[in-house]
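Student: Hi! I'm new to this one and would like a friendly walk through it. Could you show me what we have?

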Amino acid sequence: MEREQFQKELMKRALEQGFEHCEVYFESAENFEVLVLEGEISHYENSSQTGICFRGIYNGSMGYAYATTMEEETIDYIIQQSKENAEVIEETEKEVIFEGSDEYTQIDSYNENLKMLSPEQKMEAAKEMEKGALQEYEQVSIDYCVLQTIDKTIALSNSKGLSLCHRKNGIAANISTIAQKNGDVKTASEDWISNDWSAFYPQEIGRKAGQKAVSHLGAYSLESGEYRVLLENHVVAELLSAFAGIFYGENVQKGFSLLNGKLKEKIASSKVTLRDDGLLKNAPGSVPFDHEGVAVKNKVIIENGRLETFLYNLKSATKHNTVSTGNGFKDGYKSTVKTKCTNLYIQPGGKTPRTLMAQLGEGILITDIAGLHSGTNAISGDFSLSAEGFWLERGQIVRPVEQITIGGNFYTMLKLIEEVGNNLKFIIQGSNGVMGAPMIMIKRLSVAGI
């Protein structure tokens, strides 16, 4: 059965069998993945999956059911499972079926040229990535080299007349390299995400990964102390991902954020503007509606250091007597809705990385961090992370640095940001959504070394 016909028939029968209101969430994805090692294909996968989530109000309670097929017999199964589910669930907070937003912004997230690529073209691109690293540096070998594409459709319909559908596709490429010299071993990676194949230069991605690994050979530690620090763009994005939850309304309500009662107060440097923009052109997290059917917007969370809003789904917005910000998303068709970012990013400034290095003068450029899961406390904001990078003098790189730990507090760090660069980069990090940041300069950060 076709998707639209299945959704309509399922809702029609559910209402006939006593459901007050109901909703059908549809998700399908086509995934391609290829791994290359030493010029050969080491892994290849071309898969597709479809999932349906039904929820409906039956005898005053919300019932759920899931399926992976859209056959005639699936409809009766889903309705029966939802009835049984509604009868046993004890709800402490009532859920609602959303009637829809007044307006939805159309987003072009689908690249037809990407869909036309053959598996062989994608495999060749992955091989070119590997070549880029190996041809430039003889002391470099490959840890892994992977290229993925995804073609995804989300459709949401409900008995209140809502009918939405969005299709998107994209590419994710990642290569990890190993550099060795006189017993010294260093690893480094480079990634790239987009849906514009014409902007993908695989050999350049590989070359950058190899250069990173080689540049860290011969590194050693620093004396412990407080230093002025530059954080590379992807490092800032990783930190932002670890602490994104402090801006979620539901976490504020549960006491999992120290920002409760701070709206309209200055919580960061005036250099900091933080946005969650689900309408940003060519960004991987852009989508016209969330998984509750709420229109997605461009929200300013922090403007020039002042906290302007939290991010909400329907349930958390109701608790704060406000409206959803369009941040109610599922991790998959079987998952419940939770708060999640679209494209959460620190708005870039006007200074290039080279200008920021010159302005720093003497200090540390942090290029990589490790231990985000074990070294961060998402409630207190404290972090202690293994790091590596470069020591700078007079704005120039003097030598690579390793075996250091950077420590601090995310809330405090926001206030200590001196400058924001112009090299915005997005990463897909964990389940919080898409994170982005440029390079930033921190007035001081504790460093534990020798």
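Tutor: Happy to. Let's begin with a cut-off: a residue is called buried under 20% relative accessible area, exposed over 50%, and partly exposed in between. Keep in mind that this is a predicted model.

Student: Okay, let me try that out. Is Phe 256 buried, partly exposed or exposed?

Tutor: Phe 256 has 39% relative accessibility, so it counts as partly exposed. You'll find Phe 256 in the loop between α7 (249-254) and β8.

Student: Which residues make a nonpolar surface patch with Phe 256?

Tutor: Leu 258 and Ile 379 do, and with Phe 256 they make a nonpolar patch of about 260 Å² on the surface.

Student: Let's switch to strands. In what order do the strands of the open sheet come?

Tutor: The order is β10-β9-β8-β13-β19-β18, six strands with mixed pairing.

Student: Which strands stand at the edges?

Tutor: β10 (306-307) and β18 (425-428) do. Each has a single partner strand, so one side of each has no neighbour in the sheet.

Student: And how does β18 run relative to β19?

Tutor: β18 and β19 (residues 434-437) run antiparallel, joined by four bridges. To see one pair, look at Ile 428, whose bridge partner in β19 is Val 434.

Student: Which helix packs on that sheet?

Tutor: Helix α6 (residues 233-243) packs on it, touching β8 (274-277), β13 (343-346), β18 and β19. The direction of α6 makes about 135° with that of β19.

Student: What about β7, which strands is it joined to?

Tutor: One is β20 (residues 440-448), which runs antiparallel to β7 and is joined to it by six bridges. Another is β14 (residues 363-370), where three bridges join two strands that run parallel.

Student: Can you give me residues to click on?

Tutor: Sure. Tyr 227 has Leu 445 as its bridge partner in β20, while Val 229 stands opposite Ile 364 in β14.

Student: New topic: backbone angles. What sign does phi have in most residues other than glycine?

Tutor: Most of them have a negative phi. Asn 282 has a positive value, with phi near 65°, and phi of Asn 321 is positive as well, near 55°.

Student: Where do I look for those two, and are they buried or exposed?

Tutor: Asn 282 sits in the loop between β8 and β9 (298-303), and it is exposed because its relative accessible area is 61%. Asn 321 is in the loop between α8 (314-319) and β11 (328-329); at 73% relative accessibility, Asn 321 counts as exposed.

Student: Now something in a helix. Where is Ser 82, and is it buried or exposed?

Tutor: Ser 82 is part of helix α2 (residues 72-88). Its relative accessible area is 0%, so Ser 82 is buried.

Student: What does Ser 82 touch, leaving out residues up to four places away in sequence?

Tutor: Phe 19, Phe 54, Gly 63, Tyr 64 and Ala 65. Phe 19 is 63 residues from Ser 82 along the chain, and their C-alpha atoms are separated by 9.6 Å.

Student: One more: why is His 216 called buried?

Tutor: His 216 has a relative accessible area of 3%, so it falls in the buried class. His 216 lies in the loop between α5 (202-215) and β7 (225-231). Among the residues it touches beyond four places in sequence are Lys 186, Asp 368, Glu 388 and Pro 400.

How values were computed:
Residues numbered from 1 in each chain as written. Predicted model: local features only at pLDDT ≥ 70, side-chain atom pairs only at ≥ 80, totals over all residues. Heavy atoms only, no water. Pairing = 2+ DSSP bridges. Contact = heavy atoms within 4.5 Å. Axes fitted to C-alpha atoms, helices over the stretch in contact; angles between N-to-C directions. Patch = residues over 30% accessible without salt bridge, like charges linked within 9 Å, V, L, I, M, F, W, Y side chains within 5 Å. Areas by Shrake-Rupley, 256 points an atom, 1.4 Å probe, with all protein chains shown as cover. Salt bridge = Lys/Arg side-chain N within 4 Å of Asp/Glu carboxyl O. Buried < 20%, exposed > 50% of the residue type's maximum accessible area, 1.4 Å probe, protein only.
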